[in-house]
Amino acid sequence: MSSDLPLVGVRPDAGERTPARRRKAGNRKVSRLTSRDKVVLGIMVAIPTLIELLLVWLPTGLSIGLSFTKWNGLALSNIRNAGLSNYSFVVHDYPPFWPAVRHNIIWLLFLGFIATPIGLLLAVLLDQKIKGSRIYQSIFFTPVMLSLVLVGVIWQLVYSRDNGILNHLLGTSGKSNAIDWFGDSNVNLWAALVAATWRHAGYIMILYLAGLKGVDPSLREAAAIDGASAVQTFFRVVFPAMRPINIVIVVITIIESLRAFDIVYVINRGTNGLELISALVIQNLVGEGQIIGLGSALAVILLVISLVPIIFYLVRTFRKES
Amino acid sequence: MSTSLTSPENISHPLPTETERVGSTVGRRHYGTHLFLIVMSIVWLVPLLWTVYTSLRPKEATDKYGYWSLHGPFGFSNFTKAWKQGGFSHLFMNSVYIAIPSVILTLALASMMAFAVSRFTWKFNLTLLVMFTAGNLLPPQVLAAPLFEMFKHTSLPYSVSDSGTLLNTYYSVILVDTAFQIGFCTFVLSNYMKALPMDLTEAAMVDGASVWVQYTRIILPLCRPAVAALGTLEVIWIYNDFFWPLLFITDGSRQPVTTGINNLQGQFLSNYSLLAAGATLTVIPTLVIYFALQRQFVAGLTLGASKG
């Protein structure tokens with residue numbers, strides 16, 4: 001019994017035929033294609049592939065290339081070779097770099113150990129046969145539909161020093177000890193993470209609800225007959241049985257935290273306590289002082305980190321098919 | 001064996017309904033669970049309710065009593081002001097101009113690609129599928145600089161683009177949104193198509209059906225639930241997309257809502273009621289789509305758990 005997620009569940013053998021027969025059928029078919037069919041198939045493949053190569057993979061390659069250059073982004077003839085100097089500058093002399101790395105790690109740990117478990121807890125509670133489950137689900141799910149920009153704007157209204165609801169509830173509003181949650185660099189990372197959690201937990205909840213539905217009920221029954229408590233059943237039986245979806249969730253959580261950008265950009269453009277690698281990339285690319293080489297070096301660092309979960313996920317997903 | 005993709009009914013019921021599951025918990029009261037969930041629900045709703053409440057109170061009321069007060073009157077004056085000052089009619093139309101072509105292109109191209117890699121066996125099948133899937137998982141910032149420069153150095157006639165390049169046009173965002181989302185949709189649709197029996201198209205083949213006929217008459221109609229789910233999801237994702245328009249469209253009058261609200265935030269910062277009204281206006285289309293197509297949307301999310 002695998003997860004309900006097609007992403008991990010559906011294999012080529014889903015059509016219930018042996019690989020050998022499949023291959024044979026495939027070969028026979030290809031040889032039977034008319035030349036017109038081949039042209040049609042060729043076009044069906046060529047257009048999407050060209051778009052993907054030109055607008056996703058070529059820029060990725062160019063980013064790597066540009067990271068070894070000095071360029072102000074004007075004429076192409078101004079590009080100068082810079083060797084590894086951009087990287088060495090980033091690592092040794094670029095003040096926001098290490099704070100950004102630290103914030104990215106905190107972001108990942110917070111989503112991984114707080115937001116994701118909250119989503120899992122909500123899913124487990126809602127997976128029981130309780131009244132009003134649909135209503136609860138809708139409530140927790142609503143933030144998932146909002147863009148992270150809007151999440152930032154809405155929490156701005158919650159966190160505002162003088163007008164926000166949080167300081168009113170704490171009784172500090174208008175007093176000297178009122179906290180400017182998004183403005184104070186000691187707390188704004190945590191405030192932003194709470195806002196991000198508001199959205200992330202609902203997303204994880206929905207995925208786990210689908211995953212829990214896919215767990216074979218007889219597993220639970222067997223555990224219950226053996227006298228396992230609800231908690232034991234969950235951690236020893238149900239959770240391990242959801243291994244495929246757990247992996248998907250780990251990958252999503254890592255990729256989401258590396259991609260985090262919108263919310264810090266909306267708060268203060270990723271400065272003053274909210275530096276993230278993704279925001280540093282953009283700060284060096286837009287505006288007057290375009291430093292393409294430096295921005296690209298940062299982008300490549302982000303790329304290299306991202307490739308770890310991406311390759312792990314791809315190997316897991318496609319291994320059986322090759 | 002998972003059946004979620006093989007049976008269309010499953011797609012329209014992605015969440016367990018209350019009658020589906022009969023477990024050992026029948027008859028238990030769950031007071032503690034309810035208490036916990038109610039507290040969590042309140043915490044979850046406060047930011048939204050506060051936004052709506054703030055947006056409904058005219059500036060005079062908040063000036064006099066403060067934002068944290070229950071004094072009326074209530075009305076929609078902030079909405080009309082935000083709508084006019086923020087140029088929401090433009091912003092919404094910009095979102096439509098970007099989202100509709102992007103979603104149609106994405107689904108059309110991804111379904112062709114998925115059809116080719118899932119229904120036919122040839123050399124680079126898996127390589128292409130891996131390339132498409134991986135492309136969607138990259139952080140967008142990695143592609144930002146080269147794409148910006150490529151678009152800046154692509155000349156277009158002034159009749160098509162007033163900047164003379166691809167920058168500051170809807171096309172730039174449509175192109176990149178499409179390229180970025182094709183990977184995800186190809187991955188999901190190819191899984192879906194692989195699960196459809198091979199006999200379907202083999203029989204048609206024997207009857208002399210061309211590849212194009214197999215794709216349009218047999219496979220696509222069977223994929224309707226998946227395409228509907230992906231379409232709903234993509235509309236909301238592309239509507240919510242902030243980064244590409246921010247990067248490519250400098251002209252504020254051409255930005256979509258999600259990017260436009262970022263500018264409004266600066267503009268309305270002294271007037272929280274207007275900001276709240278702007279936020280509420282921005283969220284309304286998403287809510288309408290969600291409530292109209294709730295099942296498709298949630299199905300899409302669980303279909304493609306790989307996307308953030």
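Q: Hi! How many helices and strands are there in chain B?
A: Chain B has 15 helices and 0 strands. Helices (H or I, at least four residues) and strands (E, at least two) are DSSP runs, numbered from the N terminus.

Q: Anything I should know before I go on?
A: This is a predicted model, where local features need pLDDT of at least 70, side-chain atom pairs count only at pLDDT 80 or more, and totals for chains, interfaces and linings use all residues. Residues are numbered from 1 along each chain as its sequence is written, chains are lettered from A and ligands numbered from 1 in the order in which they are written, and side-chain values use heavy atoms, with hydrogens and water left out.

Q: What share of chain B counts as buried?
A: Of its 308 residues, 60% are buried. Buried means under 20% relative accessible area, exposed over 50%, and partly exposed in between (1.4 Å probe, protein chains only).

Q: Is α7(B) largely enclosed or open?
A: Helix α7(B) is largely enclosed by the rest of the structure, because 11 of its 12 residues are buried. Among the buried ones are B:L143, B:P146, B:F148 and B:E149.

Q: What covers those buried residues of α7(B)?
A: The cover includes α3 (35-66), α12 (243-259), α14 (277-283) and α15 (292-318) of chain A, together with α8 (170-194) and α12 (243-248) of chain B. Contact here means heavy atoms within 4.5 Å.

Q: Cool. Now, where do α6(A) and α2(B) meet?
A: A:Y136, A:I139 and A:F140 in α6(A) meet B:H34, B:L37, B:I38, B:M40, B:S41, B:W44 and B:L45 in α2(B). The residues of this contact divide into 8 nonpolar, 2 polar and no charged. Ala, Val, Leu, Ile, Met, Phe, Trp, Tyr, Cys and Pro count as nonpolar, Asp, Glu, Lys and Arg as charged, and the others, Gly among them, as polar.

Q: And at roughly what angle do their axes cross?
A: The axes of α6 (residues 133-141) of chain A and α2 (residues 31-56) of chain B cross at roughly 35° and come within 9 Å. Axes are lines fitted to C-alpha atoms, for helices over the stretch in contact, and angles run from 0 to 180 degrees between N-to-C directions.

Q: Different topic: is B:V298 buried or exposed?
A: B:V298 counts as buried, because its relative accessibility is 4%. B:V298 sits in helix α15 (residues 294-303) of chain B.

Q: How far is B:V298 from B:L233?
A: They are 65 residues apart in sequence and 8.1 Å apart in space, C-alpha to C-alpha.
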